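Subject: Structure for you to look at

Dear colleague,

I am passing on the structure below, together with some notes on what I found when I went through it. Please open it beside this message and follow along.

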Amino acid sequence: MTGAPECLTTSRLVLRRWSAGAAEMLRRLSADPRVVRYVGDGQVWTAERVRETSDSVLAHWEVHGFGWWIMTLSETGQEVGLAALNHPRPGTGLDPHEFEIGWWLAPEMWLRGLTGEAALAVRDDAFGRLDAPSVVARLQPANLGSAGVARRIGMVHERDTTGPSGEPLAIYRGRRPSGAPWSEAEALA
């Protein structure tokens, strides 16, 4: 694994490495019922949960050299969401060595393709720099938007399960092509 970059860039986004200051953006997103309706029990987050999650994300970066990214618009620098890659926590029903991918986006930015753009960059970082054999996502079946993003980046439905809060979950997986090391050229072929 090579050194962790400070940012990933796409045509419209800069994904910046998570920082302590990102907790404010996470607080705003997690306070919006539209954003968290398909996250766990669907309840808005407390300030304590935001702080604990942000601290956990920072620790994950320190230990593993990857984690959550702050999604910002290239033109304005506006923080609009997050794109995540982490090893799953205990109790998720996933192997702790998996590479779990996820995303949240501010509702005013929905339906612009930004989430797929960010997820593709994170997936490519996982397959390239981290040499991940696959990425996995846990999605509530009713979350059709996220299922569409998962399919857009090459993930397919693998199985159904139940989450820690009793919520139904669909597990999606995307596998790195076998053979030569991952490259963007392979993705476009």
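Glutamate 79 is partly exposed, with a relative accessible area of 27%, and in this predicted model its side chain meets that of arginine 28 in a salt bridge with an N to O distance of 4.0 Å. Because glutamate 79 belongs to strand β4 (residues 79-86) and arginine 28 to helix α1, the pair ties together parts that are 51 residues apart in sequence. Arginine 28 also counts as partly exposed, at 40% relative accessibility. These two residues belong to a network of salt bridges that links Arg16, Glu24, Arg27, Arg28 and Glu79.

The count of salt bridges comes to 16, and two others deserve a look. Aspartate 32 forms one with arginine 34, where the closest N and O atoms are 2.8 Å apart; aspartate 32 is buried, with a relative accessible area of 14%, whereas arginine 34, at 44%, counts as partly exposed. The other joins the side chains of arginine 173 and glutamate 98, at 2.9 Å from N to O. That pair links distant parts of the chain, with arginine 173 in strand β8 and glutamate 98 in the loop between β4 and β5, 75 residues apart, and both arginine 173 and glutamate 98 are buried.

Aromatic rings also pair, and the count here is four. In one of these pairs, the rings of tryptophan 18 and tryptophan 68 have centres 5.3 Å apart and planes at 90°, so the arrangement is edge-to-face. Tryptophan 18 sits in the loop between β2 (13-17) and α1 (22-30), and tryptophan 68 in the loop between α3 (47-64) and β3 (69-73), so this pair ties together parts that are 50 residues apart in sequence. Both tryptophan 18 and tryptophan 68 are buried.

Helix α5, which spans residues 144-152, is worth following residue by residue, since its buried members are Ser146, Ala147, Val149 and Ala150. Why do these residues fall on the same side of α5? They do so because they cover an arc of only 160° around the axis. The exposed residues Leu144, Gly145, Arg151 and Arg152 are carried on the face of α5 that is turned away from the buried side. As for their partners, the buried residues of α5 pack against β5 (100-105), α4 (114-128), β6 (134-139) and β8 (168-175). After α5 comes glycine 154, with a positive phi near 90°.

Positive phi values also occur at two residues that are not glycine. Leucine 111, in the loop between β5 and α4, has a phi of about 65°, and at 90% relative accessibility leucine 111 counts as exposed. Aspartate 131, whose place is in the loop between α4 and β6, has a phi near 55°.

Finally, a word on confidence, which should guide how the model is read. The mean pLDDT of the protein chain is 92, and 93% of its residues reach 70 or more. Confidence is highest in β2, at 98, and lowest in helix α6 (residues 184-188), at a mean of 44. Over residues 182-189 the pLDDT is below 50, and this stretch has 11 contacts in the model beyond near neighbours in sequence.

With best regards

Key. Residues numbered from 1 in each chain as written. Predicted model: local features only at pLDDT ≥ 70, side-chain atom pairs only at ≥ 80, totals over all residues. Heavy atoms only, no water. Buried < 20%, exposed > 50% of the residue type's maximum accessible area, 1.4 Å probe, protein only. Helix = DSSP H or I, 4+ residues; strand = E, 2+ residues; numbered from the N terminus. Arc of directions from axis to C-beta. Contact = heavy atoms within 4.5 Å. Phe/Tyr/Trp six-rings, centres within 6.5 Å; stacked < 30°, edge-to-face > 60°. pLDDT = per-residue confidence, 0-100.
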